[in-house]
Number of protein chains: 2
Amino acid sequence: MSGLREKQKADRERRILQAAVTKFRADGYRAVRIEDLAEIAEVSVGTVYNYYQTKGDILIACVAMEVEEVLTAGHHIVCNPPRGVSAALLSLIISYYDHSLEYLSKEMWRTAMALAIEAPGTPNGRRYFELDQRLAAQVTDLVIALQDRGEVRRDLDARALGTLMFNNLNQMFLEFVRDDAMTLKALRDQVAAQTRPIASLIAVS
Amino acid sequence: MSGLREKQKADRERRILQAAVTKFRADGYRAVRIEDLAEIAEVSVGTVYNYYQTKGDILIACVAMEVEEVLTAGHHIVCNPPRGVSAALLSLIISYYDHSLEYLSKEMWRTAMALAIEAPGTPNGRRYFELDQRLAAQVTDLVIALQDRGEVRRDLDARALGTLMFNNLNQMFLEFVRDDAMTLKALRDQVAAQTRPIASLIAVS
DNA sequence: TAAAAAAGTTGAAGTCATTCATCTTTATAG
DNA sequence: CTATAAAGATGAATGACTTCAACTTTTTTA
């Protein structure tokens, strides 16, 4: 039976990540020491570093977990978007925003974004950037789906449009997490106000 | 004579900042220890912390110094912009970019941006954000100047247009500093390609 | 000018992320 | 089943930012 070690490894990694998601949210990324996570996960400090290269790495893993779920939810919307360009786009974007704080706090998002900017060449930075790319690709996919359904003008470059819209929603999300006082509802309202004029521009006349 | 202490203080602060600009550029922000700066500036570690709250604070002070110069150079362009919407806008934007690496390295910019995102509520974060605002305002001022000269359509909202253009040039600058291999020329070319179509859209027919 | 007060400097100590040589657990070979 | 090898866990040690109580220098007061 050679599966015991594998099972123990997977279990330890899961426990560390679980401890991180919970503790980072509760106490704030800064305030949590690796020692705290090790204690909760019932491993030693050294073991945490066997599974994650740095403290920031653990945070990026939390973000990745969240974004994977966001992508899965988004996939369903892209496969079967509501009628109307504006409704379809907003449905996807708001799905992103509504999921974004399920496991992560604003502080965690800020820290993750900062890490990705500070060290773009490290595995961390690349991983965050890759998640960004996949989200941008999903927005593009939605635009293509709407073109296929004849709702968005076919003469427009779907990739350029998708990237533009993603950059915009990403920028608005940055403003959202920068301001602890801003509510999800305010974010939703703002993006809705911005999206409707764009939607009418790109919709088939 | 009560000016001695004042003079010594100003001198110490200047020496610390000078040491930081030089050493951060030469060795990289991470690699430089407060102890190193203290030694170069001929003060103790504790004294550095009397003038700057954190290591990041020193970096933001470096950025502020650079941006003040950029704003001064930009002011001249806004007061007397070259003929033509595209030429005027590019003149300002490229002036920003060309000045940006005079004292700061890409790594310093990345780190400063990361700091500002990570801790938006701290004096540091606010200060960085305020510099951003002043740059955005200057772009808006140029748009207004071009409207006054009858080169840009007067029915357009100068503030919205200025903010949009600043966000865009800022985003492109972020991509520039994220990629150590990207040259200033590549950045210039890219922004030129983007700016020309915008310029023709907003110019008076 | 001398003493007292105010302002500022100092560097050792504290904290926390990270590393690494040692030890323990699991898997394999005889 | 025992011995060897491989994999992984451990926590004390390291290094860097930051703090703070004691010490100096400058200014004010008498």
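**Around DNA strand C, the residues that come nearest are A:Lys55, B:Arg12, B:Ser44, B:Thr47 and B:Asn50, out of 22.** A residue is called near a strand or molecule here if one of its heavy atoms lies within 4 Å of it. Keep in mind that this is a predicted model: local features need pLDDT of at least 70, side-chain atom pairs count only at pLDDT 80 or more, totals for chains, interfaces and linings use all residues, and side-chain values use heavy atoms, with hydrogens and water left out. As for the labels, residues are numbered from 1 along each chain as its sequence is written, while chains are lettered from A and ligands numbered from 1 in the order in which they are written. Which parts of DNA strand C lie within 4 Å of the protein? Sugar or phosphate makes up 75% of those atoms, and bases make up the rest.

**Here are three spots where the protein meets phosphate oxygens of DNA strand C.** In A:Lys55, a backbone N or O atom sits 2.7 Å from a phosphate oxygen. A:Gln8 uses its side chain instead, with a polar atom 3.0 Å from a phosphate oxygen of the strand. From the other chain, B:Tyr51 also brings a polar side-chain atom to 3.0 Å from a phosphate oxygen. Polar contacts are pairs of N or O atoms within 3.5 Å; within protein, one atom must be able to donate a hydrogen and the other to accept it, and residues adjacent in sequence count only if both atoms are side-chain atoms.

**The surface near DNA strand C is built by both protein chains.** H1 and H3 of chain A each give at least two residues to this surface, and so do H1 and H3 of chain B. (Helices are DSSP runs of H or I with at least four residues, strands are runs of E with at least two, and both are numbered from the N terminus.) Sorted by class, the surface has 8 nonpolar, 8 polar and 6 charged residues. Nonpolar covers Ala, Val, Leu, Ile, Met, Phe, Trp, Tyr, Cys and Pro; charged covers Asp, Glu, Lys and Arg; the others, Gly among them, are polar.

**Now for DNA strand D, where A:Lys9, A:Arg12, A:Ser44, A:Thr47 and B:Tyr49 come nearest among 22 surrounding residues.** Of the strand's atoms within 4 Å of the protein, 76% are sugar or phosphate, and the rest belong to bases. What does A:Gly46 approach with a backbone N or O atom? The partner is a base nitrogen of DNA strand D, 3.3 Å away. Phosphate oxygens get visitors too: an N or O atom in the A:Tyr51 side chain is 2.9 Å from one, and an N or O atom in the B:Gln8 side chain is 3.1 Å from one. Helices H1 (3-27) and H3 (45-51) of each chain, A and B, supply at least two residues apiece to this surface.

**Chain A and chain B touch each other as well, with 13 residues from each.** Contact means heavy atoms within 4.5 Å. About 1,400 Å² is buried between the chains, and carbon and sulfur atoms give 59% of that. Buried area is the accessible area (1.4 Å probe) that two parts lose on being put together, summed over both. B:Ile117, B:Glu118 and B:Arg178 supply 48% of what chain B buries, more than any other three residues.

**A salt bridge joins the side chains of A:Arg30 and B:Glu118 (3.3 Å, N to O).** How many salt bridges link the two chains? The count is 2, where a salt bridge puts a side-chain nitrogen of Lys or Arg within 4 Å of a carboxyl oxygen of Asp or Glu. On chain B's side, helix H6 (106-118) and helix H8 (158-178) each supply at least two residues. H6(B) gives the largest share, 7 residues.

**Chain B can be laid on chain A with an RMSD of 0.1 Å.** The move is a turn of 179° with a shift of 0.0 Å along the axis, which is the relation of a two-fold axis. Copies are superposed by least squares on the C-alpha atoms of residues with pLDDT of at least 70 in both. In chain B, the residue closest to the rotation axis is B:Ala114, at 2.1 Å (C-alpha). The same surface serves both copies, as 100% of chain B's contact residues recur in chain A.
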